[in-house]
Amino acid sequence: MTIGGCNLFMGAYAERMAGRTPGSRLPISEDREKEITNQVTEAWKQIKSSGNKQDSVSISEEGKAFLCSDAVKDNMQKSSALVEKMYMDNAKLQEKLQQTDPDDPFWSNTGNQWLVFSGRLHSNGFYDAMSDEEVIAVETLLDKLTCGMDGVSSSLYHTGLNIYAGNEPGKINTSGFDLFNETSGALTMDLESSAAALKYFGETHIADEALRDEFNGLVDKYYSHNAEILKGYQSPAEKMQKAISNIHSGKYPDSAVFNKSSQNAIEQYSERLNAHSHLGGVSHATEEENQYKKDISILFEQLKQGASGWDDMWKKLENALVDYTSDNSDSESIRQAVSEQADVTFDRMKGYWSLLMNR
């Protein structure tokens, strides 16, 4: 669609709506348009059926004048210009990021990576025979599949827009990303999950073999792109745990944690502090990281194949994350701390896998 004189791909559904709507105005969804039309129709029916019993409603001449005034038109134009600027600024930032690796298509939209997948499908006619509702369903699913990695890139590079198929003013993307708590271990699992889910999408949604192979190649590039971004990544929670570990290990002997005035707080939260201190002190060799990725990749393959019960598979995945993150600790408080931090990650993964597998 055209925004500010430039052609920007904002999704197959947005392209379809823009084709029906002159100009660069961002369209409302077909469902919302039907809702408004039905409300107006129903109101008109009530007015007609009530005859003269219906209370009259009038708009003053002053009100009419205001609605048609230059001030209202000016505000609408300013709002439209502001939206266009937001999209154009994001596009310029993405162009700059693309220079990181010109051969990596995901730098062009690293905060909204679902658009890269949808754009490739759109250019190959994948959506042509679909209804509006079907296009929205597919693009919303793709958005959910990349949400975790989009969240990481949005926080690191200050890019990405809250756009997805059928988005309405006032609504937010509810796929979910917890900037503070989602640890590198949890996000590594989400990348394995996301890539496996995208491959499963190709297997179950793309009938054309050539397009499916092209899509799978794009998934491989998506994996490499995000694996590189996650190298050395630490969430704010991990950084805090590392600081607590350093303090408890005596690296900062004059820290206020050891002041007498802090002893009550330490005693009150000793179990939680000990858990965070332990987690902050865990590190992994490259061989351990690679083995963790292999293990969870196998588990997601088993999930796809239905090798075990739904709940059993997610418990195995949770245990794999907890064992890795806690360095196989058997402390209940430590294991619970890891699980709690990963709540949003697991909710997100379960959410898109349940949609993919029609659960």
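## A salt bridge between H7 and H8

Let's start with lysine 199, which is partly exposed because its relative accessible area is 25%, between the 20% limit for buried and the 50% limit for exposed. In this predicted model, lysine 199 forms a salt bridge with aspartate 220, and the closest N and O atoms are 3.1 Å apart. The pair links distant parts of the chain, with lysine 199 in helix H7 and aspartate 220 in helix H8, 21 residues apart. Aspartate 220 is also partly exposed, with a relative accessible area of 42%.

## The chain as a whole

Stepping back, the protein chain has 359 residues, and 41% of them count as buried. It contains 15 helices and 2 strands. About 20100 Å² of the chain is exposed, and carbon and sulfur atoms supply 50% of that area. Among contacts with a separation of 6 or more, 74% are between residues 24 or more positions apart.

## More salt bridges

The count of salt bridges comes to 10. One of them joins the side chains of aspartate 190 and arginine 348, at 2.9 Å from N to O. Aspartate 190 lies in helix H7 and arginine 348 in helix H15 (residues 343-356), so this pair ties together parts that are 158 residues apart in sequence. Aspartate 190 is buried, with a relative accessible area of 1%, and arginine 348 is buried at 3%. These two residues are linked with Glu182 in a network of salt bridges.

Helix H12 holds another example: lysine 304 forms a salt bridge with glutamate 301, with the closest N and O atoms 3.2 Å apart. The two are 3 residues apart in H12, so about one helical turn separates them. Lysine 304 counts as buried at 13% relative accessibility, whereas glutamate 301 is partly exposed at 34%.

## A negative patch

Glutamate 288 is found in helix H12, which covers residues 286-305. At 38% relative accessibility, glutamate 288 counts as partly exposed. Together with Glu287, Glu289 and Asp327, Glu288 forms a negative surface patch.

## Buried residues in H5 and H11

Which residues are buried in helix H5 (residues 114-123)? They are Trp114, Leu115, Val116, Phe117, Ser118 and Leu121. Their cover includes helices H1 (12-20), H6 (132-157), H7 (184-205) and H8 (209-230). After H5 comes glycine 125, whose phi is positive, near 75°.

Histidine 276 lies in helix H11 (residues 270-280) and counts as buried at 15% relative accessibility. Leaving aside residues up to four places away in sequence, histidine 276 touches Gln241 and Ile244.

How values were computed. Residues numbered from 1 in each chain as written. Predicted model: local features only at pLDDT ≥ 70, side-chain atom pairs only at ≥ 80, totals over all residues. Heavy atoms only, no water. Patch = residues over 30% accessible without salt bridge, like charges linked within 9 Å, V, L, I, M, F, W, Y side chains within 5 Å. Areas by Shrake-Rupley, 256 points an atom, 1.4 Å probe, with all protein chains shown as cover. Salt bridge = Lys/Arg side-chain N within 4 Å of Asp/Glu carboxyl O. Lys, Arg positive; Asp, Glu negative; His and termini not counted. Charge placed at Lys NZ, Arg CZ, Asp CG, Glu CD. Helix = DSSP H or I, 4+ residues; strand = E, 2+ residues; numbered from the N terminus. Buried < 20%, exposed > 50% of the residue type's maximum accessible area, 1.4 Å probe, protein only. Contact = heavy atoms within 4.5 Å.
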